[in-house]
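Morning, everyone. Please have the sequence and the model open while I talk. I'll go through it piece by piece.

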Amino acid sequence: MQLVAIVVSLVLTAVAVALFGRAAVEIVRRLRLGQPVPKGQRTDAPGQRTLTLAREFLGHTRMNRWAPVGVAHWFVAIGFLTLGLTIVQAFGQLFQADWTLPVLGGIVPYEMYIEFIALATTLGIATLIVIRQLSLPSRAGRKSRFAGSTAWQAYFVEYVILTIGVCILLLRGLEGALHHVDGYRPAYFVTYPLVAAFDGLSTAALQNLVYLVALVKLGTTMTWAITVALNTSMGVAWHRFLAFPNIWFKREADGSTALGPLQPMTSGGRPIDFETVFDEEGGEDTQFGVSKIEHFSWKGLLDFSTCTECGRCQSQCPAWNTGKPLSPKLLIMSLRDHAHATAPYLLAGESNETTDRPLVAPAAESGVIDPDVLWSCTTCGACVEQCPVDIEHVDHIVDMRRYQVMIESSFPSEAGTMLKNLERKGNPWGLAKKKRLEWTREVDFPVPVVGQDVEDLTDIDYLYWVGCAGALEDRAKKTTKAFAELLHIAGVSFAIMGGDESCTGDSARRLGNEFLFQQLGQQNVETLNAAAAKKIVTTCPHCFNTIANEYPQLGGHFEVIHHTQLLQHLVDTGKLIPVTPVEGLITYHDPCYLGRHNKVYTPPREIIGRVPGLRNEEMHRHKERGFCCGAGGARMWMEERIGKRINDERVDEALALNPDIISTACPFCLVMLTDSVNGKQAAAASAIKDDLRVVDVAQLLLESVREPDDGDSQARTTAPEPAPEPAG
Ligand code: SF4
Ligand code: SF4
């Protein structure tokens, strides 16, 4: 028995070490096929990156820390890292059954730790196995987060860990019996029952059992290593190694998610400036967006290889949840599989039908990513928010869109109208500039316009950036007028840019038209700088995100706050006093670009909480898990032909609370939710109150600030307090 165990274990180990080493080298070579990233990006603030990695790993901060899955996975991960010496122990036991590790072997705290972590790892993996079984795609179908994951790989990894955990515990029990442990001792506080169970066996029998169990443990470990080495795309196994660099090199060194600003378009690791790109040496070779797997950066390729197929992203994706073909998990898996399939040929400098597969094309044309998948994304960021290993889905999706739009001119045709309108008129509806001022004639207080009523913003508290929807869309204009009136009541001096305001370029950028985004952005930055803008407030989270987070990429640096932040401040400082009750049950919908992308969750809720009469109830999916309205990522300008409409899904969730008011803080959400509510009210198909309203938080606050009897507004002033923290 002993000889067989030694020979088999050593042969398997030799093969495993050789194959694993080769696979590790291969993975590094494959990652190097990716494009460089701009200098300093991904390696800035190394100390902070290391802290972020330590926090994310040790705290499992990206994995619902206290949920059963998070706790179970934590023990499995810690066990994987710290049970390595049990492999050495098992090798020693092959040669001498009662062998113990030098130095550590007799130290009680070490032995207690091994007992504890082996048990915790075993129970942890058993928990994960049960959780998977309870949510199998065969039962839950598309609702299962494991739908589309590679089942055999997950089972293989799970049962390997379970087997190894059980073997460690059995070996501990056998060791105890061989060492004649004759009563409960701390060093065997877990396995003493096993020690007692093995007690009656002869020494020879115990020794043979040790050889057998050590063989099973080592054989299982090495079989795992061989299998993993032969399947370099097996993310469920490789993430144990790749997650560490993937987190360390994540986009934001401080640990925040890769949301908020999109990254500038790069070619060969250098940001593209469309004004100068063709004047530069080698400009004609510039790569616009991603059309081949090797056009992704090495970090992109690392992202793809790190995916564990856990499906957390998929479970939150509004596209997937409404029957569309996009699953962020399946998208990443497709890119990963293609990357691994093409790598050997790319490394050999060969091209063939695998390397020549179009990255974005229908399956009938051998495309890796179907166009319907690519264009279903609302860039809501739920996937990025959920991913435990910090994969940056949105950036990859937009990179592929950039090539499709800028080089292929291939995108849903409806969005073309929006792009043309932006080019010609600076707003997505193609309306005349002067229309941006129409709302100012519908209010009974002066709204100063920069360049007309005031020379610049030097003596003005805030530039109110109205946004295209806020100025031109009837429903969104109600928010604009309400917010302006609140500023007027509170005595805050503000001005608007009027016809000099252009679309910020949010939709153009997320559709993939980086050129148009840069054009619009540079024009706006110049206008804002000329107007001496410093503090900007906006009612649109998309404008908020773009001006605060993306205009710095174009040289525009402004302090930007969202209107809910300013309104909360005005309420807190007594400049706005909600007095009139607004009766009813309200539920608040988090706009993705305010919430997930910019972490503004509290101010709208605080305002709602200050309005007397309102009873707030949260929808199941809220804050970080908020569900998109369907308008982001330029989806506002595309038809939604596949599956259930996302806004209907969201309104159905709200209707489950039977609310009187659905509130939000974004003009696009307002339009999407209102459309759905109107449709449902007209169809009378579902239980929906006839007087259900969809309103911006500002409208609610205005209703409450106004006196109940005459509807007039009054300013209430108290001592000023520090302004809220700006985003930019
Ligand atoms: S950003 Fe939103 S819509 Fe796009 S893939 Fe991620 S979860 Fe799905
Ligand atoms: S992308 Fe992230 S969240 Fe989605 S399946 Fe992969 S590891 Fe899980």
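Let's start with ligand 1. Which residues surround ligand 1? The list runs C317, P318, L326 and P328, then C377, T378, T379, C380, G381, A382 and C383, and finally V394. Keep in mind that this is a predicted model. By class, nine residues of that shell are nonpolar and three are polar. Charged residues are absent from the shell around ligand 1.

Now ligand 2. There are 13 residues around ligand 2. Which come nearest? They are C307, C310, G311, C313 and C387. The class split for ligand 2 is seven nonpolar, three polar and three charged. So much for the ligands.

Next, the overall layout. How is the chain divided? Domain 1 takes in 2-35 and 64-232. Domain 2 covers 262-411, domain 3 covers 417-570, and domain 4 covers 575-705. Between the C-alpha centres of domain 1 and domain 4, the separation is 50 Å.

On to the first sheet I want to show. It is an open sheet of four strands, with parallel pairing. What is the strand order? Reading across, β4-β3-β5-β6. At the edges sit β4, residues 494-495, and β6, residues 559-562, and each of these pairs on one side only.

Look at the pairings in turn. β3 and β5 are parallel and share three bridges. There, Y464 is opposite V537 of β5. Strand β5, residues 535-538, is joined to β6 by four bridges, again in parallel. V537 has I561 as its bridge partner in β6. T538 faces H562 in β6. So V537 appears in both pairings: opposite Y464, and with I561 as partner. As a reminder, side chains in a regular strand alternate between the two faces of the sheet.

Two helices go with this sheet. Helix α23, residues 541-550, lies across β3, β5 and β6. Its direction is at about 160° to β6. Helix α24, residues 563-572, also lies across β3, β5 and β6. For α24, the angle to β6 is about 80°.

Now the second sheet. Again we have four strands in an open sheet, paired in parallel, and the order is β8-β7-β9-β10. Which strands are at the edges? β8, residues 614-616, and β10, residues 693-696; each pairs on one side only. From one strand to the next, the twist averages 35°. Four bridges link β9 to β10, and the two run parallel. Within that pair, I662 is opposite V694 of β10.

The helices here are α27 and α28. Helix α27, residues 667-683, packs on the sheet and touches β9 and β10. Its direction makes about 175° with that of β10. Helix α28, residues 697-705, touches β7, β8, β9 and β10. Its angle to β10 is about 90°.

One residue to finish: D660. Where does D660 lie? In the loop between α26, residues 646-655, and β9, residues 661-664. What does its side chain reach? The backbone nitrogen of L585, at 2.7 Å. Beyond its neighbours within four places in sequence, D660 contacts G584, L585, R615, K689, D691, L692 and R693. Please find D660 on your screens, and we can discuss from there.

Notes. Residues are numbered from 1 along each chain as its sequence is written. Chains are lettered from A and ligands numbered from 1 in the order in which they are written. This is a predicted model: local features need pLDDT of at least 70, side-chain atom pairs count only at pLDDT 80 or more; totals for chains, interfaces and linings use all residues. Side-chain values use heavy atoms; hydrogens and water are left out. A residue is near a molecule or strand if one of its heavy atoms lies within 4 Å of it. Ala, Val, Leu, Ile, Met, Phe, Trp, Tyr, Cys and Pro count as nonpolar, Asp, Glu, Lys and Arg as charged, and the others, Gly among them, as polar. Domain bounds come from an automatic or database domain assignment. Two strands pair if DSSP finds at least two bridges between them. Contact means heavy atoms within 4.5 Å. Axes are lines fitted to C-alpha atoms, for helices over the stretch in contact, and angles run from 0 to 180 degrees between N-to-C directions. A polar contact is a pair of N or O atoms within 3.5 Å; within protein, one must be able to donate a hydrogen and the other to accept it, and residues adjacent in sequence count only if both atoms are side-chain atoms.
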